[in-house]
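Please look at the structure below and read the report that follows beside it.

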Amino acid sequence: MDYELIFFFFAIAFLYSSVGFGGGSSYLAILSLYSFEYRLLRTIALVCNFIVVSGGTYLFAKQGHIKWKKTLPLVFVSVPLAFLGARIPFKENVFFILLGSTLVIAGIIMLLEDYLRKVSVEKASKEKKDRPIVNGAIGGGIGLLAGSVGIGGGIFLSPLLHIMHWDKAKTIAGTASFFILINSASGLAGQLSQNNLAFDFEMILYLGLSVLVGGQLGSRLSVFKLSQKKVKMLTALLVLFAGGRLLLKYLV
């Protein structure tokens, strides 16, 4: 087992968990730099996502930052579509082209995240009315992509909800955490039902333990007293590099 991989996963979980994310895009970015069987990438990323956001979702829910009436339409449609997305039997080159494109888009979104947060609604009096049909459509589209490539979808959901002035920042973080949790579980179930689940017990055990510790610490500590802006930029550049590298390899 590669110990530097364990360290990378611990650091990603530590940083992402503090804002309600699982880190799936960054896990995939790191894994894509190694020569692993391509189906294993999705499995590892989804398992680690599930582990990291479990604790965060509990804390957000306990503190009342998840508004179930608004959140449930998002996951009601996303769960079956994440399941279906995970069942799609991609060929290796098609999967890596889709993954590379997803990582590039995710990296760009991460670079723009600070700007997107500035347009979010911070006061309850300014919240917009519930729009369950719109919420369902958003959740369904992101859920399908999440299941297909092996992410939880929070990296796309959170900025979009900020742009929509969906709710307060903490409520959006709690919603994204729950969204990642439920879609990661659905994606794993979809892979399992299609016999498309690649599994390496030793690797998943070590990486799972590293993100468990990192996620629990990150959920409870104010990690972004460490230069938040620099951490986001470095992570975004990593994701962009990995995504661009995959596209160059499989398209050129």
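In this predicted model, phenylalanine 96 has a relative accessible area of 6% and is therefore buried, since buried means under 20%. Its ring is stacked on that of tyrosine 250, with 5.0 Å from centre to centre and 15° between the planes. The two residues come from distant parts of the chain, because phenylalanine 96 belongs to helix H5 (residues 92–118) and tyrosine 250 to helix H10 (residues 228–251), 154 residues apart. Tyrosine 250, at a relative accessible area of 23%, is partly exposed. Ring pairs also draw in further residues, so that Tyr38, Phe95, Phe96 and Tyr250 are linked into a cluster.

Across the whole chain, the count of aromatic pairs comes to nine. Another one of them is formed by tyrosine 34 and phenylalanine 36, which are stacked at 5.6 Å centre to centre, again with a stated angle of 15° between the planes. Tyrosine 34 is partly exposed, with a relative accessible area of 22%, and phenylalanine 36 is likewise partly exposed at 22% relative accessibility.

**The chain as a whole**

What kinds of secondary structure, helices or strands, does the chain contain? The chain has ten helices and zero strands, and reading along the sequence gives the pattern α-α-α-α-α-α-α-α-α-α. Of the 252 residues in the chain, 53% are buried. Among contacts with a separation of 6 or more, 87% are between residues that lie 24 or more positions apart. The accessible surface of the chain comes to about 11,600 Å², and carbon and sulfur atoms account for 68% of that surface.

**Charged side chains**

The chain has three salt bridges by the rule applied here, and the table sets them side by side.

| Basic residue | Acidic residue | Closest N to O distance |
|---|---|---|
| Arginine 39 | Glutamate 37 | 3.3 Å |
| Lysine 67 | Aspartate 167 | 3.1 Å |
| Lysine 70 | Aspartate 167 | 3.0 Å |

How many residues apart in sequence are the parts that lysine 67 and aspartate 167 tie together? Lysine 67 lies in the loop between helix H3 (38–62) and helix H4 (68–87), while aspartate 167 lies in the loop between helix H7 (154–163) and helix H8 (169–193), so this salt bridge ties together parts that are 100 residues apart in sequence. Lysine 67 is partly exposed, with a relative accessible area of 30%, whereas aspartate 167 is buried, with a relative accessible area of 0%.

The salt bridge between lysine 70 and aspartate 167 joins helix H4, where lysine 70 lies, to the loop between H7 and H8, so the parts it ties together are 97 residues apart in sequence. Lysine 70 counts as buried, at 7% relative accessibility. Through their shared partners, the salt bridges join Lys67, Lys70 and Asp167 into one network. Lysine 70 has a further partner of another kind, for its charged end sits over the ring of tryptophan 166, 4.5 Å from the ring centre.

In the salt bridge between arginine 39 and glutamate 37, both residues are partly exposed: arginine 39 has a relative accessible area of 28%, and glutamate 37 has one of 36%.

**Alanine 198 and its contacts**

Is alanine 198 buried or exposed? Alanine 198, found in the loop between H8 and H9, counts as buried because its relative accessibility is 11%, and buried means under 20%. When its neighbours within four places in sequence are left aside, alanine 198 is in contact with Glu37, Arg39, Leu40 and Thr43. Two of these, Glu37 and Arg39, are the partners in the salt bridge described above. The C-alpha atoms of alanine 198 and leucine 40 are separated by 4.8 Å, although the two residues are 158 residues apart along the chain.

**A nonpolar patch on the surface**

Which residues form a nonpolar patch on the surface? The patch is made up of Phe199, Phe201, Leu205, Leu209, Leu212, Val213 and Leu217, which together have about 660 Å² of accessible area. Valine 213, one of its members, lies in helix H9 (residues 201–220) and is partly exposed, with a relative accessible area of 45%. That value fits its place in the patch, because patches are made of residues with over 30% relative accessible area.

Notes: Residues are numbered from 1 along each chain as its sequence is written. This is a predicted model: local features need pLDDT of at least 70, side-chain atom pairs count only at pLDDT 80 or more; totals for chains, interfaces and linings use all residues. Side-chain values use heavy atoms; hydrogens and water are left out. Patches are made of residues with over 30% relative accessible area and no salt bridge: like charges are joined within 9 Å, nonpolar side chains (Val, Leu, Ile, Met, Phe, Trp, Tyr) within 5 Å. Accessible areas come from the Shrake-Rupley method with a 1.4 Å probe; for residues, only the protein chains shown count as cover. A salt bridge is a side-chain nitrogen of Lys or Arg within 4 Å of a carboxyl oxygen of Asp or Glu. Helices (H or I, at least four residues) and strands (E, at least two) are DSSP runs, numbered from the N terminus. Buried means under 20% relative accessible area, exposed over 50%, partly exposed in between (1.4 Å probe, protein chains only). Contact means heavy atoms within 4.5 Å. Rings of Phe, Tyr and Trp (its six-membered ring) pair if their centres lie within 6.5 Å; planes under 30 degrees apart count as stacked, over 60 as edge-to-face and the rest as tilted. A charge sits over a ring if NZ of Lys or CZ of Arg is within 6 Å of the ring centre and within 35 degrees of the ring normal.
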